[in-house]
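Please open the model in your viewer and keep the sequence beside it, since this tour asks you to select one part after another and to look at what is there.

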Amino acid sequence: MSEQSRPERGGHSGGRRGGGQRGGRDGQRGGRRQQGGRRQEYSAQRPSERSRTSDPQRLAAYTVMRAVAEGAYANLELPKVLREKRIHGRDAAFTTELVYGAIRLQGLYDPIIASAAGRPLSKIDANVLDTLRLGAHQLLGMRVPAHAAADETVGLARRVNGAGAAGFVNAVMRRVSERPLDEWLTIVVPEGTATSARLAVEQSHPEWVVKAMRAALLGHRASTPDSVDTDLERLLEADNAAPKVSLVARPGLADVEELVEAGAERSPLSPVAAVLTGGDPGGIPAVREGRAAVQDEGSQLVALALAAVPVESDGRAGAEQWLDLCAGPGGKAGLLAALALRAGADLTANEVSPHRADLVRQTLRPAADRAAEQGRTLEVRTGDGRTVGEDEPGRYQRVLVDAPCTGLGALRRRPEARWRRQPGDLADLGRLQRELLAAAIDATAPGGVVAYATCSPHLAETQFVVSDTTKRRDDVEVLDARPFLRDTSGEPVRDLGDGPTVQLWPHLHGTDGMFLALLRKRA
C-alpha cells in the first residue's frame with residue numbers, strides 16, 4: 001500500500017498524524033512556515049485554479065457516504081461502488097480507509113468542522129458536510145499531504161456540490177489544516193469536560209454509547225470505578241481500528257491448512273479460523289466455493305461452544321435436531337451446518353426475512369450438498385422465531401438464538417451503526433429478545449441446550465434478558481459457558497469474566513463484542 005493510502009493507525013488517541021504536513025495561512029500561498037517545529041506545506045493554487053474534477057477514489061468515497069446517509073450500509077455499498085468504478089488494489093484500500101474513517105470518526109471531525117466553519121453543523125448542507133468529513137479525515141487521520149487533501153477535496157466539492165460550495169470548502173479546509181489534531185482537541189474538548197463527553201468526541205462515539213459501554217465493562221468484567229475508564233478508552237479505540245479479516249474453515253468442507261496455504265495465518269483464538277493480512281478473500285478457492293467464509297472469530301466461538309456442550313438424552317432415538325432460530329444472513333448457520341454434519345445431526349435454519357433466508361440458502365449450499373450425500377437433513381425455512389416454541393415444543397436438542405440487537409459490539413465493521421442506533425431502540429429489541437429466548441427454550445427438548453448470543457455487550461441486551469427470562473421459569477438453568485470456549489491450543493479462552501455468561505471484547509480478544517449464555521432445559 002502506498003504512503004498516501006496507508007492510514008497511520010487505525011484508531012485515535014489524540015496524537016498528531018499525517019507526518020506533520022498541516023497548515024494554511026490567509027495571504028500566504030505556495031510557501032512554508034514553521035509550526036510546532038515542523039515545516040508546513042500549502043497549495044499555491046487559488047480555488048479557481050484547482051482541479052475541477054475529483055479522482056475516482058474520492059468520488060467513490062463520496063458516493064458511498066451519500067448512500068449511507070440515505071440508509072445504505074457501508075460494508076454492502078462500498079464493494080458495489082468499487083466494482084462499478086473499477087477501483088482495485090491500493091486505490092481500493094485508500095477508498096476503503098477514507099470511507100470507513102470519515103464515518104467512524106465523524107463525531108470527532110464534526111465539531112472541528114463547525115469550529116473551522118464558524119457556524120453550527122445545522123447550517124451546513126448535508127452533501128457539503130460529507131465532502132468536508134472526507135477532507136478532514138485526509139488532513140487529520142491519513143498520511144495525505146495537506147495541499148493534496150485540500151486541492152482534491154475542493155475539486156470534489158466543485159464536481160458534486162457546485163462552484164459556490166467549493167469556495168466554502170476551500171476556506172474550511174484551510175482552517176482545519178492550520179492546526180494538528182492535538183491542538184484541535186484542546187479547542188473542541190475544553191479542559192474540565194466530563195469524562196463521557198470528552199471520550200464521546202475524542203473517540204467519536206455518541207455519549208449514550210460511551211456510558212453504556214462503561215456500564216457493560218462494570219457489569220461483565222467486574223471492573224472497579226478506578227480502573228474502568230482506562231478499560232473504556234481502550235475499548236473505544238478498538239472500535240475505531242480497522243478489523244482484521246478473519247476466515248472460518250467449515251469443518252468437513254475445508255480445513256485451516258488449506259487457508260494457510262492460500263496465504264492466511266492460523267488464528268491462535270479459534271481452532272477453525274485463519275487471519276488474512278492482505279488481499280481479497282474471494283481469491284481463495286475455499287472461500288469462493290463456500291467451503292470457507294469470512295467470519296469473525298467471536299462468532300465462530302459461539303457456534304463451536306453450542307456444539308461442544310454435552311446434551312443429556314431424553315430417551316428419543318434418532319439423530320439430534322439442531323435449530324438456528326435467527327439464521328440470516330447465514331454466518332453462524334454455515335459453521336453450525338458443518339458441525340452438525342460432523343456430529344451426524346440435522347439442522348433447521350429459520351429466518352423471518354425471505355431475502356435473508358435466500359442468503360442463508362446460498363451460504364449453506366455446499367453443506368446442503370454434503371448433507372444430501374450423507375442422508376442428513378439441512379432445511380432453510382422462513383418463519384417468525386417467536387412461534388417456534390408453540391409450533392414445535394421440545395423438538396430440538398441444540399438451539400442457537402443469535403438475537404437481533406443494537407450491534408454495539410461490531411462497531412469496527414459497521415461504521416454507521418453508532419450514529420443510527422438510539423437508546424429508544426433498546427425497548428423494542430429487549431421485548432423481541434425475550435420473546436425469542438422464551439420460544440427457544442420451549443422448543444428445546446429436556447436435557448437440550450440453548451445458546452443465547454448477541455453482538456452487543458449492552459447489559460439490557462445480555463445479562464438482563466437472560467436473568468429476566470430464567471427467573472420466570474423453573475425448567476431451565478444457566479450453565480457456565482467459559483469451559484466451552486477453547487482456543488486453537490485447546491485451552492480456555494482468557495479474560496471471559498467471572499461467568500457463568502461470557503463476554504468477548506474487541507480490545508481484549510480482537511473479536512467483535514459477542515455475548516454468550518448457555519442454558520440447559522431441565523429434564
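**The whole chain**

Begin with the whole protein chain, in which buried residues make up 56% of the 523 residues. Please keep in mind throughout that this is a predicted model. If you colour the chain by secondary structure, you should be able to follow 21 helices and 14 strands. Among the contacts between residues at least 6 apart in sequence, 73% join residues at least 24 apart.

**A loop with an unusual residue**

Next, select R86, which you will find in the loop between α2 (74–84) and α3 (89–104). R86 is not a glycine, and yet it has a positive phi of about 55°. Is R86 buried or exposed? With a relative accessible area of 70%, R86 is exposed, because that value is over 50%.

**Two helices that cross**

Now select residues 195–202, which form helix α9, together with residues 207–221, which form helix α10. Two packed helices are described by the angle between their axes and by the distance between those axes. Here the angle is about 115°, and the axes are 8 Å apart. The crossing in which α9 passes α10 is right-handed. To see where they meet, show the side chains of S196, A197, L199 and A200 on α9, and those of E207, V210 and K211 on α10, since these residues make the contact. Sorted by class, the contact has 4 nonpolar, 1 polar and 2 charged residues.

**A buried valine in α14**

Move on to helix α14, residues 297–308, and pick out V302 within it. V302 has a relative accessible area of 2%, and it therefore counts as buried, the limit being under 20%. Leaving aside residues up to four places away in sequence, V302 touches K332, L400, A453, M514 and L516. Select F515 as well, and compare sequence with space: V302 and F515 are 213 residues apart along the chain, while their C-alpha atoms are separated by 8.4 Å.

**Two cysteines without a disulfide**

Select C405 and C455 together and display their sulfur atoms. How far from C405 is the nearest cysteine sulfur? The nearest one is that of C455, 5.7 Å away, and C405 is in no disulfide. C455 is likewise in no disulfide, with the sulfur of C405 as its nearest cysteine sulfur. A disulfide needs the two sulfur atoms to be within 2.5 Å, which is why this pair does not qualify. The count of disulfides comes to 0. C405 is buried at 14% relative accessibility, and C455 is buried too, with a relative accessible area of 10%.

**Helices α19 and α20**

Select residues 425–442, which make up helix α19, and ask what its length should be. At 1.5 Å a residue, its 18 residues should span 26 Å, and the end C-alpha atoms are indeed 26 Å apart, so expectation and model agree. Several residues of α19 are buried, including L426, L429, G430 and Q433; further along the helix, L436, L437, A439, A440 and I441 are buried as well.

Then select helix α20, residues 463–470, where V465, V466, D468, T469 and T470 are buried. The buried residues of α20 pack against α19, β11 (444–454), β12 (476–479) and β14 (515–521), and it is helpful to show these four elements together while you look at α20.

**The loop between β12 and β13**

For the next stop, select the loop between β12 and β13 (502–503), where T501 has its place. T501 counts as buried because its relative accessibility, 13%, is under 20%. Apart from residues up to four places away in sequence, T501 touches Q463, L496, F515, L516 and A517.

P500 lies in this loop, and a cis peptide bond, with omega about -5°, joins G499 and P500. D495 also has its place in the loop; although D495 is not a glycine, it has a positive phi of about 55°. D495 counts as partly exposed, at 44% relative accessibility.

**One more cis bond**

Finish by selecting P329, in the loop between β7 (321–324) and α15 (331–343). The peptide bond leading from G328 to P329 is cis, with omega near 0°.

Key:
Residues are numbered from 1 along each chain as its sequence is written. This is a predicted model: local features need pLDDT of at least 70, side-chain atom pairs count only at pLDDT 80 or more; totals for chains, interfaces and linings use all residues. Side-chain values use heavy atoms; hydrogens and water are left out. Axes are lines fitted to C-alpha atoms, for helices over the stretch in contact, and angles run from 0 to 180 degrees between N-to-C directions. Helices (H or I, at least four residues) and strands (E, at least two) are DSSP runs, numbered from the N terminus. A crossing is left-handed if the near helix is turned anticlockwise from the far one by less than a right angle, and right-handed if clockwise. Contact means heavy atoms within 4.5 Å. Ala, Val, Leu, Ile, Met, Phe, Trp, Tyr, Cys and Pro count as nonpolar, Asp, Glu, Lys and Arg as charged, and the others, Gly among them, as polar. Buried means under 20% relative accessible area, exposed over 50%, partly exposed in between (1.4 Å probe, protein chains only). The expected span of a helix is 1.5 Å times one less than its number of residues.
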